[in-house]
Amino acid sequence: MKVKCIAIGNRIMGDDSIGSKVLEQLSSELEKEEIKVIFAETDTNYALSKIDDGDLLLIFDSTYFNITPGTVTFTPIEEALTRELCPIYSQHEPNLITLLKNYKKSVRGYIVGIEVEKIYFSLVLSESLEEKFIDICKEIRQFIYDVRRQ
């Protein structure tokens, strides 16, 4: 089983880039632990090409659940794959979960969602995410190591 962290998001859309920015911050540490870091951004087909059956995936993306910006949520991939009545909406079409389902990839793991304040044309994060960035990284780092030990 390989652990793979995949960043999804658009770097020129402000808070939508939060997944990539968190993995950039953590990547050297994760790679030393033999955790593969993949920056797919808006290319979900590229992400799919890097996924093998049996992988433990951690998919990093922005969320808009109308909760406090900077809140990190962890949704099991298995739960997202079995949702029939509640579609997953994404700016990245087709989204990675749909591709995993359509190609019948046998994986487990989590969607690591980071709540945005706003998505807008910008190369920088919103003030609220910037203020919480270090804490977001710490929470996610701990989660990755906890999941890896399971």
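A residue is classed as buried when its relative accessible area is under 20%. By this criterion Ser128 counts as buried in the predicted model, because its relative accessibility is 15%. Ser128 belongs to helix α5, and this helix spans residues 127-149. When residues up to four places away in sequence are set aside, the contacts of Ser128 are with Pro69 and Glu117. The separation between Ser128 and Gln25 amounts to 103 residues in sequence, and their C-alpha atoms are 18 Å apart in space.

Glu117, one of the two contact partners of Ser128, is placed in the loop between β5 and α5. With a relative accessibility of 36%, Glu117 is partly exposed, whereas Ser128 is buried. Glu117 also contributes to a negative surface patch, together with Glu127, Glu130 and Glu131. Residues can enter such a patch only with over 30% relative accessible area and no salt bridge; the 36% computed for Glu117 therefore satisfies the accessibility requirement.

The loop between β5 (108-115) and α5 (127-149) also holds Leu123. This leucine is exposed, its relative accessible area being 63%. Leu123 takes part in a nonpolar surface patch of about 470 Å², to which Ile12, Phe121 and Val124 also contribute. The loop between β5 and α5 thus supplies a residue to each of the two patches: Glu117 lies in this loop and belongs to the negative patch, while Leu123, found in the loop as well, belongs to the nonpolar patch.

Backbone geometry was also examined. Most residues other than glycine have a negative phi. Against this background, Glu34 shows a positive phi of about 60 degrees, although it is not a glycine. Glu34 is located in the loop that connects α1 (18-32) with β2 (36-41). The residue is exposed, with a relative accessible area of 71%; this value lies in the exposed class because that class begins over 50%.

A positive phi is likewise found at Glu41, where the angle is near 55 degrees in a residue other than glycine. Glu41 lies within strand β2, whereas Glu34 occupies the loop between α1 and that strand. In terms of accessibility, Glu41 is partly exposed, with a relative value of 22%, while Glu34 is exposed. The assignment of Glu41 follows because partly exposed residues fall between the buried limit of under 20% and the exposed limit of over 50%.

Technical notes. Residues numbered from 1 in each chain as written. Predicted model: local features only at pLDDT ≥ 70, side-chain atom pairs only at ≥ 80, totals over all residues. Heavy atoms only, no water. Helix = DSSP H or I, 4+ residues; strand = E, 2+ residues; numbered from the N terminus. Buried < 20%, exposed > 50% of the residue type's maximum accessible area, 1.4 Å probe, protein only. Patch = residues over 30% accessible without salt bridge, like charges linked within 9 Å, V, L, I, M, F, W, Y side chains within 5 Å. Areas by Shrake-Rupley, 256 points an atom, 1.4 Å probe, with all protein chains shown as cover. Salt bridge = Lys/Arg side-chain N within 4 Å of Asp/Glu carboxyl O. Lys, Arg positive; Asp, Glu negative; His and termini not counted. Charge placed at Lys NZ, Arg CZ, Asp CG, Glu CD. Contact = heavy atoms within 4.5 Å.
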